[in-house]
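Let's take a walk through this one together, starting at one residue and working outwards. Have the structure open and turn it as you read.

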Protein chains: 2
Amino acid sequence: MTAELIAEVILPALGGDQEAGRLADAAVLSAGGARELALTTDSYVVQPLEFPGGDIGKLAVCGTINDVAVAGARPAGLSVGLIIEEGLEIQTLRRMLESAGRAAAEASVPIVTGDTKVVQRGALDGLMINTAGVGRMLAGADLGFDRIAEGDRIVLSGPLGEHGLAVMGRRKGLSFSSDLKSDCAAIHELAAALVEHLGPALHFMRDPTRGGLAAILAELSSGAGRDLTIDEAAIPVNPSALAAAEILGLDLLTVANEGKLVAVVEAGAGDEAVGILRRYPIAERAADIGQFRARSDDPWPRMLTAVGGRRMIQMPYGEELPRIC
Amino acid sequence: MTAELIAEVILPALGGDQEAGRLADAAVLSAGGARELALTTDSYVVQPLEFPGGDIGKLAVCGTINDVAVAGARPAGLSVGLIIEEGLEIQTLRRMLESAGRAAAEASVPIVTGDTKVVQRGALDGLMINTAGVGRMLAGADLGFDRIAEGDRIVLSGPLGEHGLAVMGRRKGLSFSSDLKSDCAAIHELAAALVEHLGPALHFMRDPTRGGLAAILAELSSGAGRDLTIDEAAIPVNPSALAAAEILGLDLLTVANEGKLVAVVEAGAGDEAVGILRRYPIAERAADIGQFRARSDDPWPRMLTAVGGRRMIQMPYGEELPRIC
């Protein structure tokens, strides 16, 4: 319903560069015909504020870095806008912000400016963080739906669902095995390495956050105007995440990630992309999970299931989209 | 108290480039030693959402453009993050967003990306808008507290207090004379003209929003480490704003503006700066209002009053700082 609100009310009203804003998490600004800067923004709300593997501060910083990174840009700076609910404990606030500061320092992306508003006790769940990020386009990055061709490989940097399940588990008071933590991490080094080494063989990047891999595949198929097929057996799995998803009745494909990258590369470049990603600890289980098919007037993503069947992948909605990022 | 929270909890916790973030409304990002980009963010809440001369949509767009502009940068793009309270009427939302879109189009600064969150009915007064803006540094802009020297002139682009009084008047159900409207406007063309024509004779720029001219003068005096004196008789006055301020018991110096510029220029360049500004309809009453004095260990801004007295100008706080932007 938010997507509908955005498409039918917000974008037409705002005017401006709707094409750039509609599908990408970051907008690219050009100067003299050359793509120069990427700009992104997101408002983070999550309950609980702290969860295994992260908290709202780290989440906001990593999420913004990642949105800039998958646009093919090197993040240059972040802004942090805090919306603090009256009554939030200063100690909690301090912990969240220290975590944000640490995440920014580890990623070498400075938080350069900020803003703080305090609102009445009520609807905010304690703290909302609105971040914006700007980055400089990497030389050689030429990414877009129009670059995706038949035979292109779809590469995923690691197992699915850890962020969403860690948050939902904590929220429901479930205690899963201790290795189920949010994957919350900055992926800009992964993205930059793909741009640098693959050059024009890299066609598209995205990070599968809310809506999970399913949402990205639906977006990719629709944006490229092509069917695509992924192979369930090729998708890396964290057994704890799989168990948690089964307990909660969720599909790993639709659960949010916060430190994963999906890359679309030229037909022959799948193995090379996997090799580049596996040099990084957060992507040591990277895998080539599928490919694009022919153009179609009614394009769909499909999955070859582990037991040999076929299944349509749909854009998740409603219950499948808990507010976890 | 927000300033204290920011200085004592938020900045130390976030780490990062505190110097850049502490005093400026926009942070400047350098590349290879050259100042290249300005990044700014702000969260806008205002009640009522619509007021004479503007609304929250126009306010968010102009405010963000202005923060980038006074850093000496040409605004290149804006992001708009909407935080919508459940129950806000779609017609109201549409009207605010159309206003934001119109303001962006008039200023030729595109809204390139956005984000929407819906929160429970409660504390938000209907709608909060978080905007971020990025701009490219203008060639020849060299602005900073360290550039301010004894004898430097302080130039103000027009009469004070129209925004704050229009909002507070509407909030209290007062109907002032019809020419009291918010001055909400983008001032980036004014700022760019000063940079272009004055070059190194332009030493500092700021827009006097919340806290009014008083807050800017306190910041300037403290940042430059110099006393400064302004001449009350030289400050342009809107008689309707003055009457409204008297009715409400407010000091025009402390009331918010949303379309004004304060520039600090070299001793001999005051008249030229006024002349440049007066070419623009929104600055046709620009005036040279005062000057910087010698260095001081305890610097203060002072005002020569119209009746020949002298008065200290203090950073406004508490009751003097209603939430109107």
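## Starting at an arginine

Leaving aside residues up to four places away in sequence, Arg136(A) touches Glu36(A), Leu37(A), Ala73(A), Arg74(A) and Ala76(A) in chain A, along with Leu29(B), Ser30(B), Ala31(B), Glu36(B) and Leu37(B) in chain B. Bear in mind as you look that this is a predicted model. You'll find Arg136(A) in strand E7 of chain A. Is Arg136(A) buried, exposed or something in between? Its relative accessibility is 24%, so Arg136(A) counts as partly exposed. One of its contacts deserves a second look: Glu36(A) is 100 residues from Arg136(A) in sequence, but C-alpha to C-alpha the two are 6.0 Å apart in space.

Now hop over to chain B and pick up strand E2, which covers residues 34-44. Eight of the eleven residues of E2(B) are buried, so the rest of the structure largely encloses this strand. Who are its partners? Strand E1 of chain B (residues 26-31) pairs with E2(B) in the antiparallel sense, over six bridges. Within that pairing, Ala31(B) has Ala34(B) as its bridge partner. The hairpin made by E1(B) and E2(B) has two residues between the strands, and in it Gly32(B) takes a positive phi near 55°. E2(B) also pairs with E7(B), again in the antiparallel sense and over eight bridges. To get your bearings there, find Thr40(B), which stands opposite Gly133(B) in E7(B).

Stay in E2(B) and move along to Asp42(B). With a relative accessibility of 17%, Asp42(B) counts as buried. Which side chain does the side chain of Asp42(B) make a polar contact with? Look across to chain A: the partner is Lys117(A), at 3.3 Å. Asp115(A) in chain A is touched by Asp42(B) as well, and so are Asp67(B), Ile129(B), Asn130(B) and Thr131(B) in chain B, again not counting residues up to four places away in sequence.

Back to chain A for a wider view. Its domain assignment gives domain 1 as 25-137 and domain 2 as 145-312. Between the C-alpha centres of these two domains of chain A there are 23 Å. As for how they meet, 22 residues of domain 1 are in contact with 22 residues of domain 2.

A good place to see what's going on further along chain A is strand E11, residues 262-265. Both of its faces are covered: Val262(A) and Val264(A) on one side are buried, and so are Ala263(A) and Val265(A) on the other. E11(A) has strand partners too. With E8(A) it pairs in the antiparallel sense over four bridges, and there Ile154(A) stands opposite Val264(A). Four bridges also join E11(A) to E9(A), and these two strands run antiparallel. In that pairing, Leu202(A) has Val265(A) as its bridge partner.

Next, the aromatics. How many aromatic pairs does the structure hold over all chains? There are two. In chain A, Phe145(A) and Phe204(A) form a stacked pair, 4.5 Å centre to centre with 20° between the planes. This pair links distant parts of the chain, 59 residues apart: Phe145(A) is in the loop between strand E7 (127-137) and strand E8 (153-156), while Phe204(A) is in strand E9 (residues 202-206). Both of these phenylalanines, Phe145(A) and Phe204(A), are buried. In chain B, the rings of Phe145(B) and Phe204(B) have centres 4.6 Å apart and planes at 20°, so this pair is stacked. Phe145(B) lies in the loop between E7 and E8 of chain B and Phe204(B) in E9 of chain B, so the pair ties together parts 59 residues apart in sequence. Phe145(B) and Phe204(B) are both buried.

Finally, the cysteines. The structure holds zero disulfides over all chains. Take Cys184(A), which is in no disulfide: the nearest cysteine sulfur belongs to Cys62(A) and is 4.2 Å away. Cys184(A) is also buried, with a relative accessible area of 4%. Why is there no bond between Cys62(B) and Cys184(B) in chain B? The sulfur of Cys184(B) is the closest cysteine sulfur to that of Cys62(B), but at 4.2 Å it is too far for a bond. Cys62(B) is buried, with a relative accessible area of 4%.

Note on methods: Residues are numbered from 1 along each chain as its sequence is written. Chains are lettered from A and ligands numbered from 1 in the order in which they are written. This is a predicted model: local features need pLDDT of at least 70, side-chain atom pairs count only at pLDDT 80 or more; totals for chains, interfaces and linings use all residues. Side-chain values use heavy atoms; hydrogens and water are left out. Rings of Phe, Tyr and Trp (its six-membered ring) pair if their centres lie within 6.5 Å; planes under 30 degrees apart count as stacked, over 60 as edge-to-face and the rest as tilted. Buried means under 20% relative accessible area, exposed over 50%, partly exposed in between (1.4 Å probe, protein chains only). A disulfide is a pair of cysteine sulfur atoms within 2.5 Å. A polar contact is a pair of N or O atoms within 3.5 Å; within protein, one must be able to donate a hydrogen and the other to accept it, and residues adjacent in sequence count only if both atoms are side-chain atoms. Contact means heavy atoms within 4.5 Å. Two strands pair if DSSP finds at least two bridges between them. Domain bounds come from an automatic or database domain assignment.
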